[in-house]
Amino acid sequence: MDLPVEKWAAYARRRPADEEFLHSLAARNWVGKDPRAALFYKEEGNRRFQEKGYTAALILYSKAVSHNSPEMSLCYANRSAALFHLGHFEDCLEDIDRAQAQGYPNRLQPKILLRKTECLLLLGRLQEAAGVISKVESKIAMDQSLTSTTRQILLRKISQLKVKAHEKENSPVSVPEALSKTQKDLEFWEENGKISSAFSSVSLNFNSCRGRHLVATRDILPGESLVKEEAFVSVLSPGKSLLLQDSAETTWDTRVTNGDLHCHHCLKRLLASVPCGGCSYAKYCSKKCAQLAWEHYHSTECPLGALLLTLGVFSHVALRTVLVAGFAEVSSLVKQFHGDDKELHKAEARGKSRDETRDSTAGMEGLSEKAAPLIPDCEDDGQYRGSYQAVFNLLTHAEKHSPEHKFLCSLSIVAICKKLQEADPTILSQGSCESQSKLKAHMTMSAELSPELKILGEAMLRHMLQLHCNAQAVTSIRESESGASVVADSEQVRLATALFPVTSLLNHSCDPNTSVTFSGTAVTVRASQPIPRGQEIVHCYDQAVELLMRCRVYAENFLSAEHMLVGEIEDHLAQGYATLGKWQEAARHLRRSIQIVEARHGPSSVETGHELFKLAQILFNGFAVSEALCTIQRAETVLSVHCGPLNAQVQELQEMRACLLELPRSLLHRVE
Ligand SMILES: [Zn+2]
Ligand SMILES: [Zn+2]
């Protein structure tokens, strides 16, 4: 395969108009820091806080912090208050410490220390709480500036907290919930000897028509885990923005995106976020994530922020892949690829002919261990690992992409390379002094890309083409946070785009026998139906562009868009009635919505599972005990197949059942 980065780079240089246009687009995605924006976000945060919109306030304070607010300590203190109201006490404590580290004013100290005491009490850390209380008492005693009213209020609060502390001391110790959860998580893990991250129930096979593919080595039951894999690389999608209700239109954006809600490194939901020191875009759940991201990729990406947002997530994933792999690894594989090109073709041809003879003898022989050494891209010991080598060798299907598409990809990669050359290029060489000085020498010749950047460019272009068939959308169910609705309103959102080398071994099917769930940047592939021994394990890729088109045609024939709309209307009606407490009406509409979702996605699909969950909630709230129990059972069966037993909805269903079964008989008869 020929990836002519140099040719395109030369072409792009002759087309300055394209480049200028790109830079004018990028200017709109500016991600620098602006102290005026910080003040604006803090004021907006205060406004939302006063209206008790704590979640919105939390996000706005985080935006203020990410712009290096001149009033950093106040921003952290205000954010700690929002976190306190939302019940995130650990994070509240962290922000109190940050506020104090940033020089929180002395006159406000008693207030913040009392909040700290309350957090410590609620977390059961009684001794520390007692320590802080005595500190506040001495501060109040010494502070001459306090008015007598303020003093009175503070002292009353202290005595209240002391009572609370006393009650805590005498209450029985409860087992932390987290502990019982980890105990449940000890799923039997029988690792595969040949493929890391896969279970022993699958094996890697290869033949000329299916390429590499996974096959069941025994009969597999629905819900069984097949692959559990950490992403080689994942990039948070900026995603569509959710408007914070009732925000005034201004120069600064009060819209909330994935970038405000999730850690840019581990994808965890953000609370007391830590901003990047260099830009206002990257935010992390912890100092540790911020450091890891900086060390592995963000120090290079940070000055490219606006360009990467403009070029889109595929370009960003391509860049991060080479940064995570490191220059030495990338360079060795690119060179090997050029050197071994002919050798590789020979080896593939050998593999093919032997494979064909094996196919003709057919049967279950394909499952034999002997097959392993013939499979391309396994490492020397016959293992398939989720390493950079595995990523590098994923198929690009270069022949299937249109010339226009390939040109656009090349143009994007060239733009990244030129920007990297402008920015500090020493980061790229990852510690090698020799290549660092080489890169520095090239900086002066800005017209020509350095040989190092040409290598990186070639690898990035390769990754970009691979992504069209191998990218996996990392999704999450996001609950709406209106709080007004009694029934959970949830939607599936795309959090990130990632590469999973082992999961990529699954071929695509519009009628998959697996289903995937995500936890942070890890994927779990589970069987969604019984898979008999010897059957291929297939998966529906969200982004396999051409194949997706076929899926869509299939879906459209199956059910008209209008029909789906009716389903949505029924769903909204159900929510409306639920809010009014008219449970029977709500259930009636939801049952209709479920029929439509079942017809479209199948009765055991995850979509039907979510609808059944909503119905279970409505029946539970309406005390329709026997039907509720029945629906809980169905919802639990479907959701645990797709999402596993630890899923929040599955656990809530179990709690609902336990609660219904505990109801006194007399009460049941009265309501029913
Ligand atoms: Zn994180
Ligand atoms: Zn940054």
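Biologist: In this predicted model, how many bridges join strand β12 to strand β13?

Modeller: The model is a predicted one, and in it strand β12 covers residues 514-519 while strand β13 covers residues 522-527. The two strands run antiparallel, and Thr517 has Thr524 in β13 as its bridge partner. The hairpin they form has two residues between the strands, and Gly520 takes a positive phi near 60 degrees there. The number of bridges that join β12 to β13 is six.

Biologist: Which strands stand at the edges of the open sheet of four strands?

Modeller: The sheet has mixed pairing and the order β1-β2-β14-β11. Strand β1 is joined by six bridges to β2 (residues 211-216), with the two running antiparallel, and Val202 stands opposite Ala216 in β2. Because each edge strand has a single partner, one side of each is left without a neighbour in the sheet, and the strands in that position are β1 (202-207) and β11 (507-508).

Biologist: Which residues are the protein donors of the zinc ion (ligand 1)?

Modeller: Along the chain, the donors of this zinc ion (ligand 1) follow the spacing C-x2-C-x18-C-x3-C. One pair of them links distant parts of the chain, with Cys266 in the loop between α11 (258-261) and β7 and Cys289 in helix α12, 23 residues apart. Cys289 has a relative accessibility of 9% and therefore counts as buried, the limit being under 20%. Lying 2.3 to 2.4 Å from the zinc ion (ligand 1), the donors, each through its SG atom, are Cys263, Cys266, Cys285 and Cys289.

Biologist: What is the arrangement of the four donor atoms around the zinc ion (ligand 2)?

Modeller: The zinc ion (ligand 2) is coordinated at 2.1 to 2.3 Å by the SG atoms of Cys276, Cys279 and Cys302 and by NE2 of His298, and these donors follow the spacing C-x2-C-x18-H-x3-C along the chain. Cys276 lies in the loop between β7 (274-275) and β8 (283-284), whereas His298 lies in helix α12 (residues 287-301), 22 residues apart; Cys276 and His298 are both buried. The donor atoms subtend angles of 104 to 113 degrees, so the arrangement is tetrahedral.

Biologist: Which residues does the UniProt annotation "domain: MYND-type" cover?

Modeller: The annotation comes from an unreviewed UniProt entry. Over the annotated stretch the chain is 38% helix and 10% strand, with the end C-alpha atoms 15 Å apart. The residues covered are 263-302.

Biologist: Is Ser66 buried or exposed?

Modeller: Ser66 is found in helix α4 (residues 54-66). Leaving aside its neighbours within four places in sequence, Ser66 is in contact with Lys33, Pro275, Cys279, Ser280 and Lys283, and Cys279 is one of the residues coordinating the zinc ion (ligand 2). Because the relative accessible area of Ser66 is 2%, Ser66 is buried.

Biologist: Which helix gives the most to the largest nonpolar core?

Modeller: The largest nonpolar core has 74 residues, and those with the most contacts inside it are Ile195, Leu319, Tyr388, Ile416, Met460 and Ile537. The helix that contributes the most, with nine residues, spans residues 451-470 and is α20.

Biologist: With which residues is Tyr388 in contact, leaving aside its neighbours within four places in sequence?

Modeller: Tyr388 is listed among the residues with the most contacts inside the largest nonpolar core. Beyond its sequence neighbours within four places, the residues in contact with Tyr388 are Phe232, Thr321, Val322, Ala325, Glu329, Val330, Leu333, Ala459 and His463.

How values were computed. Residues are numbered from 1 along each chain as its sequence is written. Chains are lettered from A and ligands numbered from 1 in the order in which they are written. This is a predicted model: local features need pLDDT of at least 70, side-chain atom pairs count only at pLDDT 80 or more; totals for chains, interfaces and linings use all residues. Side-chain values use heavy atoms; hydrogens and water are left out. A nonpolar core is a set of buried Ala, Val, Leu, Ile, Met, Phe, Trp, Tyr and Cys residues joined through side-chain atoms within 4.5 Å. Buried means under 20% relative accessible area, exposed over 50%, partly exposed in between (1.4 Å probe, protein chains only). Contact means heavy atoms within 4.5 Å. UniProt positions are given in the numbering used here, feature names are shortened, and annotations may be inferred rather than shown by experiment. Donors are N, O and S atoms within 2.8 Å of the metal (3.2 Å for Na, K and Ca); water is not among the atoms, so sites may look incomplete. Four donors count as tetrahedral if all angles lie between 85 and 135 degrees; four count as square planar and six as octahedral if opposite donors are over 155 degrees apart and all others between 65 and 115; anything else is irregular. Two strands pair if DSSP finds at least two bridges between them.
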